[in-house]
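Got a few minutes for some cavity and salt-bridge practice? Grab your viewer and work through the exercises below before peeking at the solutions.

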Amino acid sequence: MEKFLKDVKRKIEKEGKRNNIGEDTIKRLLLPERFLEFTIEIGGRYISAYRCQHSSILGPYKGGIRFSEQVTRDEVEALSILMTLKCALIGIPFGGGKGGAIVDPRKISEKEREQLAREYVKGVFPIIGPETDIPAPDINTDEKIISIMADEYSRIVGKCSPGSFTGKAIKDGGLAGRSEATGYGGFAVLEEVCRVKGLKNPKIAVQGFGNVGLNFVHYAEKAGFKIVAVSDHAGGVKREEGLIVKDAVKSKHVADIKGERISNKDLLEMGVDFLVLAAVENVITEENTDRIRAKHVICLANGPVTRKAEEDLHQKGVVVVPDILANAGGVVASYCEWKQAQKERKCSKEEVFSSIAKNLKGSFCELESLMKEKSDKKLTLSCAAISVALSRLEKGYLKKNGESK
Ligand code: NAD
């Protein structure tokens, strides 16, 4: 996981230099503003937990909480930096944060899960709040857990505080469409890439069939796109003429989809128009870049392609749509939920989805124009995305410090 953090920081340094971003801004972005580490005790077990507040240059810290045995301090920091870059890129007035705890909540009882959620909130309580840091769901933290967390926060402050967390269940002040938002956003990006590049009837393979992958597949299939393969951690399934995925969208099991059984490795190496990565980090690395035959890669997971692999794919002519753009649908929806909690206005699902599509499609077009304008063959979409984010962060940083460029 150390590599993930190094890769993210290296990208900031490199794009900072290429775009003449001030040294002070870059130094500030290479270090988190605050990193809280604490221990949760549950049933005699000690669980390490974290909250990283990377940057508040553009607004309150925003980012999910991940409960997984794979969580590390470095991973939490890297993911918080991606949140800062993502919000800056898509123009949402939030900063970047991330949280996590080293625990698999599926291995503990329901009562202990609730205790874990409440203890996590007690640990981060002094540094979070609706105007300072607003956590959200991530891997293994669903709307039920987030509702418990918002309830614990409200209990401590002694009043209902729906703006303290986003991603709550609808009955607890959550937003219609929030749970589908990231997958839907990925679908909106797919539509835009096809429109801009004039692609018709592309073949699509999707790794990951959880919240993000499943919702991506659902909207893509509904719009008539051909999904030729999908997988989860246990393996995949393929059918060249197109899978019928809609039944499995209900059961959420790849095993319920009819087709030829394949491994995750087979799926990654398929000759498709789009390879959509919606599972975990470091899926395409220097080790397998040579075998990737997809023409476009859409990164819905955070950090699924390493920095070097991204450069190598770009050299081969593969278009890699970066995570900070492709998976930004969730944070656009979070912003709508946060505004809703401030009682500014209630958002319908249609409004949320239209905001996501407008935002992500607009950002993709902005990057396309920048790539044309620079006409630098080495410039990847990810570099262009980071350079747009960095120039917005630099403006914010100078404004905060009373200077201007
Ligand atoms: P999830 O836990 O709901 O689903 C993950 C899926 O990936 C599951 O189908 C799982 O079986 C599969 N998987 C796990 N390990 C795998 C492996 N080694 N090979 C193949 N498949 C594997 O998680 P999610 O919420 O869908 O998140 C997926 C990714 O998207 C994560 O990187 C997350 O940080 C990112 N993301 C999620 C959101 C969101 O709103 N949920 C927002 C932005 C980014």
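What follows is a set of exercises on a predicted model, each with a worked solution.

**Exercise 1. Find the cavities of 30 Å³ or more, then describe the lining of the largest cavity.**

Step 1: Start with the count. The structure holds two cavities that reach 30 Å³ or more.

Step 2: Get the volume. The largest cavity has about 190 Å³ of space.

Step 3: Look at the walls. There are 20 lining residues, and those closest to the centre are Lys11, Leu82, Gly303, Val305 and Asp323.

Step 4: Map the lining onto helices. Two or more residues each come from helix 1 (2-18), helix 3 (73-90), helix 10 (307-315), helix 11 (323-326) and helix 14 (381-400). Helix 1 is the top contributor, giving four residues.

Step 5: Sort by class. You should end up with eleven nonpolar, four polar and five charged residues in this lining.

**Exercise 2. Now do the second largest cavity: how much space lies in it, and which residues line it?**

Step 1: The volume comes out at about 70 Å³.

Step 2: List the lining. From the front of the chain you pick up Lys11, Lys14, Glu15 and Arg18. Further along come Arg307, Glu310 and Glu311, then Thr380, Ser382 and Cys383.

Step 3: Assign elements. Helix 1, helix 10 and helix 14 supply at least two residues each, and helix 1 gives the most, with four.

Step 4: Classify. Seven of the lining residues are charged, two are polar and one is nonpolar.

Step 5: Cross-check with Exercise 1. Lys11 is on this list, and Lys11 is also among the residues closest to the centre of the largest cavity.

**Exercise 3. Take Arg18 and Glu15: how far apart are the closest N and O atoms, and is each residue buried or partly exposed?**

Step 1: Check the distance. The closest N and O atoms are 2.9 Å apart, and a salt bridge needs 4 Å or less, so the Arg18 and Glu15 pair counts as one.

Step 2: Place the pair. Both residues sit in helix 1, three residues apart, which is about one turn of the helix.

Step 3: Compare accessibility with the cut-offs. Glu15 has 2% relative accessibility, so it is buried. Arg18, at 35%, is partly exposed.

**Exercise 4. Which elements does the salt bridge between Glu37 and Arg73 tie together?**

Step 1: Confirm the contact. The two side chains meet in a salt bridge at 2.7 Å, N to O.

Step 2: Locate the partners. Glu37 belongs to strand 1 (residues 34-42) and Arg73 to helix 3, so the bridge ties together parts 36 residues apart in sequence.

Step 3: Check exposure. Glu37 is partly exposed at 45%, and Arg73 is partly exposed at 36%.

**Exercise 5. Where do Asp138 and Lys98 lie, and is Lys98 buried or exposed?**

Step 1: The salt bridge between Asp138 and Lys98 has its closest N and O atoms 3.0 Å apart.

Step 2: Asp138 is in the loop between strand 5 (133-137) and helix 5 (143-157), while Lys98 is in strand 4 (residues 96-101). That makes it a link between distant parts of the chain, 40 residues apart.

Step 3: Lys98 is buried, since its relative accessible area is 3%.

**Exercise 6. How many salt bridges does a search of the whole structure find, and which residues are linked in a network?**

Step 1: The search finds 38 salt bridges.

Step 2: The network links Lys3, Asp7, Lys14, Glu286, Arg307 and Glu311.

Step 3: Go back to the second largest cavity. Lys14, Arg307 and Glu311 also line that cavity.

Notes. Residues numbered from 1 in each chain as written. Predicted model: local features only at pLDDT ≥ 70, side-chain atom pairs only at ≥ 80, totals over all residues. Heavy atoms only, no water. 1 Å grid on protein atoms, 1.4 Å probe; cavity = no way out; pocket = protein on both sides within 12 Å on 5 of 7 lines; lining within 4 Å. Points joined across faces, edges and corners; volume = space filled by probe spheres on them. Nonpolar A, V, L, I, M, F, W, Y, C, P; charged D, E, K, R; others polar. Buried < 20%, exposed > 50% of the residue type's maximum accessible area, 1.4 Å probe, protein only.
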